[in-house]
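Please open the model in your viewer and switch on the side chains, since this tour moves from one charged pair to the next.

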Amino acid sequence: MVLLDLLVYNAICGLKRTSDISACAFRLGGVMVGHANMGIREVENVKKPFMLPREVHVQVTHSMPPQKIEIFKSMEDWAEENILVLLKPVEKCWQPQDFLPDPASDGFHDQVKELRERAKEIPDDYLVVLVGDMITEEALPTYQTMLNTLDGVRDETGASLTSWAIWTRAWTAEENRHGDLLNKYLYLSGRVDMRQIEKTIQYLIGSGMDPRTENSPYLGFIYTSFQERATFISHGNTARLAKEHGDLKLAQICGLIASDEKRHETAYTKIVEKLFEIDPDGTVMAFADMMRKKVSMPAHLMFDGRDDNLFENFSAVAQRLGVYTAKDYADILEFLVGRWKVDKLTGLSGEGRKAQEYVCGLPPRIRRLEERAQGRAKQGPIIPFSWIHDRQVQL
């Protein structure tokens, strides 16, 4: 959820002009396919039922060598002892109702009135970002589906008792509370167009996502490590802004969600840390591969039935408010390089050393481009957002 696609792709590909972006087989708002060693070509904009003609890449599947599946089977006991312990028992978890007016209470209407009074002070641009965050959380079925595409760790039966499957289901159950809580809060606020929001959620779940993880848990867990930290930062910043706007209850809600995301980040980064211990060469090459492709945000196929550039526009508002920025992208990458001690890896193959050099050198390249872009930045246009009854917000 960030306006950094051109910035990051320029940095990743070593480009100097945004006009060179086609060399990376990527185009905002269009439909293009490409791969590292292939040309690019336009894809005919044919609308299929329930599908949007959005960004498309060549689909690479099952890229992990079959013998490496044994690595994940051998990690079953380790995952039980080190990852499942990061889940919270349901009885000790907060639930959305803990922070919402109680419909069974005689004071329900007064509680709703108080919530709506607080919400009156929230600016429209903040609402756009909060709605975008909520819609991202509500597309949870897609994220569970993505995890269940990963070879060696998927839930093969739907109720598998492997550590990996238990984690995926329980992680999904914890995450499910986030969208529920934000959705109900925004509904009660009276400030947003719930039907347009609900349409956006339906479009997004129907469209899926294209993280380019190739059924590989190496790529998948690197992606989720990055994304959990990104959502931790985003929700943390929405908590800070809610406090500044005087809605302490909303600040508490966003802070709780950020805390969950931080705990989930810990789990995924521990998995990748273990992979670096077992297979440093394969893991560092996967890390470089994921970063060359760019970590796309989970809601990058967002659409409300009207705005073909909805995700980019929402991202621009998030960037302007400082909720999630190009700097955050570089910070996350730098954090993960340090967390996994990538610069300290030894005994790598030639390809592994190249991947190590690339990943370690990428954060400063992104920062330099971001600083130049900030220096050239102009005030964005003012556009309507259907989520807030077409009220206009500056990008």
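The stops below follow salt bridges through this predicted model.

Before selecting anything, keep in mind that the count of salt bridges comes to 27, and that the tour visits some of them.

Begin by selecting Glu 117 and Lys 120, which form a salt bridge whose closest N and O atoms are 3.0 Å apart. If you colour by accessibility, you should find that Glu 117 is partly exposed, with a relative accessible area of 41%, while Lys 120, at 53%, counts as exposed because the cut-off for that word is over 50%.

Next, select helix H11, which covers residues 280–293, and look for Asp 289 and Lys 293, which are 4 residues apart in this helix and are therefore separated by about one helical turn. Their side chains form a salt bridge, with the closest N and O atoms 3.4 Å apart. Which of the terms buried, partly exposed or exposed fits Lys 293? Lys 293 is buried, with a relative accessible area of 9%, whereas Asp 289 is partly exposed at 26%.

Now select Arg 367 and Glu 334, whose side chains meet in a salt bridge of 2.7 Å from N to O. Arg 367 lies in helix H14 (residues 350–376) and Glu 334 in helix H13 (residues 326–339), so this pair ties together parts that are 33 residues apart in sequence. Glu 334 is partly exposed, with a relative accessible area of 42%.

Finally, select Glu 174, Arg 177, Asp 260 and Arg 263 together, and you will be looking at residues that are linked in a network of salt bridges.

Terms used:
Residues are numbered from 1 along each chain as its sequence is written. This is a predicted model: local features need pLDDT of at least 70, side-chain atom pairs count only at pLDDT 80 or more; totals for chains, interfaces and linings use all residues. Side-chain values use heavy atoms; hydrogens and water are left out. A salt bridge is a side-chain nitrogen of Lys or Arg within 4 Å of a carboxyl oxygen of Asp or Glu. Buried means under 20% relative accessible area, exposed over 50%, partly exposed in between (1.4 Å probe, protein chains only). Helices (H or I, at least four residues) and strands (E, at least two) are DSSP runs, numbered from the N terminus.
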